Amino acid sequence: MVESVFRIADDDQLSPFHEGERQIQKRMGAEEIETWARKVIRDYMPAQHREFYEAQPFLIVSARDEKGRPWATVLEGNDGFVTSPEPDRLTITSVPVKGDALEAAFVEKADVGILGIELETRRRNRVNGRIEDKSDNSISFAVDQSFGNCPQYIRERKYWRNAAKPAIRVFRGHALTAFQKDWIGAADTFFIASGYRGEGDTLAYGMDVSHRGGERGFVEVLDERRIRFPDYAGNNHYNTLGNLALDPRAGFLFLDFSTGSLLQLTGKASIDWNSDIVSRVPGARQLVTLEIEEIVELASALELRWQEDADSARTLRLMEKRQESADVMSLLFEARDGGDLPVFEAGQHLPIELNIPGQIGKVDRTYSLSGSPLDNRYRISVKREKGGLASTFLHDGLQVGSIVESRKPSGDFMMTCAECPLVLVSAGIGVTPMLSILHKVSREQGDRSVWFVHGARDGNHHPFRDEIKKLADNRSNIELLTLYSRPLASDIQGRDFDEEGRVSAELISQLVDRADAHYFICGPAAFMVGVKADLEDLGVPETQIHYETF
């Protein structure tokens with residue numbers, strides 16, 4: 001296994017972020033992401049990511065043209081067109097189509113960003129690096145950075161292949177046509193290419209391509225040379241905005257999913273941080289405007305076509321609200337029509353759409369499911385966040401009987417072994433997916449060992465205490481350990497909690513003595529970083545540690 005420099009480096013030169021990214025993180029109050037990122041941004045692809053890329057029918061790819069301008073495009077191929085011969089290598093048997101803005105861009109040592117996105121399951125992973133070699137019909141790619149992304153704002157679509165692909169038509173211009181304006185104005189998805197390469201040779205430099213999604217019309221066409229979109233909360237890496245802070249050049253890609261056509265734009269981007277316009281867009285942290293310099297439209301460029309997964313959307317009715325602790329509320333939903341809900345795996349999350357009074361458009365949020373996968377109900381449990389738009393509405397505004405729209409449950413934070421010992425480790429609201437997993441294992445026929453380790457502030461902030469205890473009491477193979485960091489005078493050790501303090505890997509190692517155990521971790525980022533790193537230091541293989549970054 002290739003060792004990640006980011007997991008062992010303390011030198012700023014080996015940070016996974018360059019100066020522009022760190023500037024934006026500081027501006028947005030997200031400096032703590034550096035510690036987390038050094039643990040999860042690697043200079044190789046873990047086995048799960050290698051398998052993911054090899055299973056994809058297409059990749060979104062960014063690079064620069066001969067003038068240094070960023071663009072994004074799609075590379076597609078038959079099954080197996082992407083292979084990973086080594087953890088730090090991808091071989092892609094595909095090149096841009098004739099007339100593509102990046103037709104001549106994939107030359108040796110060129111910076112390239114790659115996004116693998118599985119629209120049907122809402123999974124996505126990113127990898128950035130350089131072209132190592134290129135032939136007439138394939139690309140050899142060397143990894144600089146590899147990391148996963150959360151599934152927010154991805155709309156589910158199933159793909160199919162058009163066997164009778166028509167001839168590609170290429171249109172070039174410098175101003176949007178009426179047809180192109182309508183295309184952009186109706187989009188719910190696009191991809192943005194950006195990059196920065198400063199002095200020296202740090203792996204934080206290079207190209208990046210990322211996904212942006214929202215309600216149809218979330219990208220505003222200001223005129224034939226300018227478009228604008230709201231930038232929502234994400235993973236706090238700020239790769240795109242960090243690049244734009246140092247190099248404002250950007251490329252946008254709009255994909256017509258029904259025809260396989262591509263609309264490529266390149267130009268210069270500017271960021272509106274705090275004007276009155278930003279405050280009027282629900283959920284927007286800032287607005288990004290692209291001044292268009294050149295346009296390439298490729299009609300019917302792809303064999304692939306997509307259709308929205310209509311079966312994945314359900315209308316839910318809120319049946320019950322239940323206060324679980326001082327700041328956590330559970331909401332239980334059933335299908336509006338009383339029918340069966342799509343099943344979910346323990347550990348997955350539920351995307352919902354909220355119509356909040358006073359807000360223009362829908363507010364999208366995703367919450368871990370905290371109930372049993374065997375129930376024909378969806379239960380989410382939401383912590384009230386100070387100033388939180390969605391959490392405040394769910395706690396105070398959404399009434400029993402109300403209707404919300406949802407997508408199908410998704411996510412890959414799930415048990416990967418049928419019989420291995422499980423160590424479920426959580427802090428705070430991170431308990432929600434762990435509780436769902438506990439429900440599942442409590443009904444298993446086997447007797448695998450399960451440890452449920454949870455840290456809370458005190459008894460007032462300890463949701464599901466009785467529910468968890470009841471599940472464990474019914475099974476001799478489930479062992480509980482609860483820690484309070486600041487117990488109240490009314491909290492009784494031995495009844496309400498087991499020990500005073502915080503959850504640590506050292507404590508877990510004293511509890512668990514199985515080398516084949518798999519560890520699932522969920523909670524604040526700093527908590528997950530510390531526990532994961534300490535478990536690895538204690539000799540737990542990385543393949544046996546799973547964490548929920550959403």
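**Overall build and selected residues of the predicted model**

Setting aside residues within four places in sequence, Gly 428 has contacts with His 454 and Gly 455. In this predicted model, Gly 428 sits in the loop that runs between β24 and α9, the latter covering residues 431–442. Its relative accessible area is 32%, so Gly 428 is classed as partly exposed. A long stretch of chain separates Gly 428 from Pro 16: the two are 412 residues apart along the chain, and their C-alpha atoms are separated by 28 Å.

His 454, one of the contacts of Gly 428, also appears among the residues touched by His 462. Apart from residues up to four places away in sequence, His 462 touches Glu 324, Ser 325, His 454, Ala 456, Thr 482, Tyr 484 and Asp 496. With Tyr 484 there is also a polar contact between the side chains, at 2.7 Å. His 462 belongs to the loop between β25 and α10, and it is buried, with a relative accessible area of 6%. The loop between β25 (450–456) and α10 (465–473) also holds Phe 464. Phe 464 is buried as well, because its relative accessible area of 3% falls under the 20% cut-off. Its backbone deserves a look too: phi of Phe 464 is positive, at about 65°, although the residue is not a glycine.

A positive phi turns up again at Arg 122, where the value is near 65° and the residue is likewise other than glycine. Arg 122 is placed in the loop between β5 (111–118) and β6 (123–134). The relative accessible area of Arg 122 is 3%, so this arginine counts as buried. Another arginine, Arg 407, lies in the loop that links β23 (403–406) and β24 (422–427). Arg 407 is buried at 12% relative accessibility. Its side chain has a polar partner in the side chain of Glu 156, with a polar contact of 2.8 Å.

Turning to the helices, α6 spans residues 239–246 and includes Asn 243. Asn 243 is buried, its relative accessible area being 3%. Beyond its neighbours within four places in sequence, Asn 243 is in contact with His 18, Glu 21, Ser 194, Gly 195, Tyr 196 and Asp 208. For Ser 194, a polar contact of 2.9 Å joins its side chain to that of Asn 243. Ala 193 is 50 residues from Asn 243 in sequence, and the C-alpha atoms of the two are 9.6 Å apart in space.

Helix α3 (residues 33–40) has six of its eight residues buried, so it is largely enclosed by the rest of the structure. The buried positions in α3 are Ile 33, Glu 34, Trp 36, Ala 37, Arg 38 and Val 40.

Val 281 offers another loop position, between α7 (276–279) and β16 (286–299). At 24% relative accessibility, Val 281 is partly exposed. Not counting residues up to four places away in sequence, Val 281 touches Pro 230 and Leu 287. Phe 229 and Val 281 are 52 residues apart in sequence, with a C-alpha to C-alpha separation of 9.8 Å.

These local views fit into the following overall picture. The protein chain has twelve helices and 29 strands. Its radius of gyration is 24 Å, close to the 24 Å given by the globule rule for 550 residues, so the chain is as compact as a globular protein of that length. The C-alpha trace spans about 70 × 50 × 45 Å along its principal axes. Of the 550 residues in the protein chain, 56% are buried. Sequence-distant pairing is well represented in the contact list: among contacts between residues at least 6 apart in sequence, 71% join residues at least 24 apart.

At the surface, the protein chain exposes about 23200 Å², and 46% of that area is supplied by carbon and sulfur atoms. As for charge, there are 66 positive and 86 negative side chains in the protein chain, and the centres of these two sets lie 4 Å apart.

How values were computed. Residues numbered from 1 in each chain as written. Predicted model: local features only at pLDDT ≥ 70, side-chain atom pairs only at ≥ 80, totals over all residues. Heavy atoms only, no water. Helix = DSSP H or I, 4+ residues; strand = E, 2+ residues; numbered from the N terminus. Rg over C-alpha atoms; globule rule 2.2 N^0.38 Å. Buried < 20%, exposed > 50% of the residue type's maximum accessible area, 1.4 Å probe, protein only. Contact = heavy atoms within 4.5 Å. Areas by Shrake-Rupley, 256 points an atom, 1.4 Å probe, with all protein chains shown as cover. Lys, Arg positive; Asp, Glu negative; His and termini not counted. Charge placed at Lys NZ, Arg CZ, Asp CG, Glu CD. Polar contact = N/O pair within 3.5 Å; in protein donor to acceptor, adjacent residues only side chain to side chain.
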